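Visitor: Could you walk me through the packing inside this protein?
Guide: Gladly, let's bring it up.

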Amino acid sequence: KPQLVASNDRFCRFLEEYCPVVTETYYPTIWCWEGRVQTLLRPFITSRPQVQYRNELIKTADGGQISLDWFDNNDSLYYPDASTRPTVLLLPGLTGTSKESYILHMIHQSETLGYRCVVFNNRGIAGEDLLTPRTYCAANTEDLEAVIHHVHSLHPSAPFMAAGVSMGGMLLLNYLGKTGRDTPLMAAAIFSAGWNVFESVESLEKPLNWLLFNYYLTTCLQSSISRHRQMLEKLFDMDLVMKARTVREFDKQFTSVMFGYRSIDDYYEDASPCRKLKSVGIPVLCLNSVDDVFSPGHAIPVETAKQNANVALVLTSCGGHIGFLEGIWPRKCTYMDRVFKQFVQAMFEHGNKILSM
C-alpha cells in the first residue's frame, strides 16, 4: 500500500472516500518493477491515445510567445455548456510537450469525464519560434502565471485545476508556493516532482544513473535549444553550452545565467519546491515513488508536508519516475493515470467539501 501523508484528517477522509486509489495496494508490473526499468520502459510500452489539439499562441509581456494545445472536448455529454466545463491545465516535464504519452493519457481520462484540457508547452520546444532569447526553468513562474490568467479569463465560470509532471510539477508547486490562496486554481495534482534539486542532480550523477538518464537528458536539453541557436547566441556562448555532459553543467552554463542567478547553487535553491511547500494555499495531491532516481526518497519533504493542511503526499515503494506501470502488459492505464482521474473527478464534483477547510 502507498504511504498517505497528510496532517489534515478531513483531507485524508476526503481522499479515502472519493480518491480510494491512494489507499489501494499498488502492484507494479512484475517483470519491470525496479524503478530505473519502469522509468526507461514506460515511454515505449504505454499506448499513445489519439488526441486532436487546437493550437493557440499567446504573447508574453517581454515579447515572447507560448504555445498552448487545447483539447476542448466539445462533445462532452456531462458538461455541454463550454462556459462551465471543468478545465485541467497540464504541465509536461523538462523537455516534454503535449505529445508525451503521459499527457495524452491524462487527456484521455479527462475526456471520459467530460472535462476540457489545455497543455502548457514551455517556450521554444513545441515547434514555435523563440521571439526573444529566453526559454524556461523550474524556478521562474512568470509564463505559468500568464497562462493561468489567460485560461481563466477565457472561461471564468469554469472550475479550474492543474496537473504537473516532473519539472512541470516543480514549476506548479513553485507557483503555488508563491501565490498561496491567490490563484484561480481550485486544486492541483503533482506527479514525480523533484523536490530538492541538489539531491536530484547528485542522484543523477551516480555512474549508472548518468549512463542511463543524465547524459541523454542533457542531449535532449541541448537539442531543444539548438534550433534557436541564432537567437540564443546573442546572449550565450553556445559552443560552451553544447559541450555540457550533465544537467548540472547545462544549468551552470545556460539556465542559471539566463535567469540572472549569481550561481548555480542559487538557482537550484530557488527551483527546489521543498522550500515553498509550507506556503501552498489550495488542496494539492503529490504522487512520488521512493525509488525514483530523479527525486530520491530521502529528499521527499515528508515532515514539511505534515505542516500544511492543504498538502497530501502519496508515496509508493516502486514506480520509478513517471512509471507506475501495473498489470502483466501495461499498455493502457498506469497507477498514476488512475490517481489523476480519481483526484480531478473528486475535486470537480465534491471539492466543496474540503475547499472550505
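What follows is a short exchange about cores, helices and contacts.

Guide: This is a predicted model, where local features need pLDDT of at least 70, side-chain atom pairs count only at pLDDT 80 or more, and totals for chains, interfaces and linings use all residues. Residues are numbered from 1 along each chain as its sequence is written, and side-chain values use heavy atoms, leaving out hydrogens and water.

Visitor: Which helix gives the most to the largest nonpolar core?
Guide: A nonpolar core is a set of buried (under 20% relative accessible area, 1.4 Å probe, protein chains only) Ala, Val, Leu, Ile, Met, Phe, Trp, Tyr and Cys residues joined through side-chain atoms within 4.5 Å. The largest has 69 residues, with Leu 89, Leu 172 and Leu 313 touching the most other members. With 7 residues, the top contributor is helix 5 (residues 167-179), a DSSP run of H or I with at least four residues, numbered from the N terminus.

Visitor: Where does this core lie relative to domain 1 and domain 2?
Guide: Domain bounds come from an automatic or database domain assignment. Domain 1 (3-196 + 273-353) and domain 2 (197-271) both give residues to the core, so its place is between them.

Visitor: What are the classes of the residues in the contact of helix 4 with helix 5?
Guide: Contact means heavy atoms within 4.5 Å. Helix 4 supplies Leu 144, Glu 145 and Ile 148, while helix 5 supplies Leu 171, Leu 172, Tyr 175 and Lys 178. Counting Ala, Val, Leu, Ile, Met, Phe, Trp, Tyr, Cys and Pro as nonpolar, Asp, Glu, Lys and Arg as charged, and the others, Gly among them, as polar, the classes are 5 nonpolar, no polar and 2 charged.

Technical notes. Buried < 20%, exposed > 50% of the residue type's maximum accessible area, 1.4 Å probe, protein only. Helix = DSSP H or I, 4+ residues; strand = E, 2+ residues; numbered from the N terminus.
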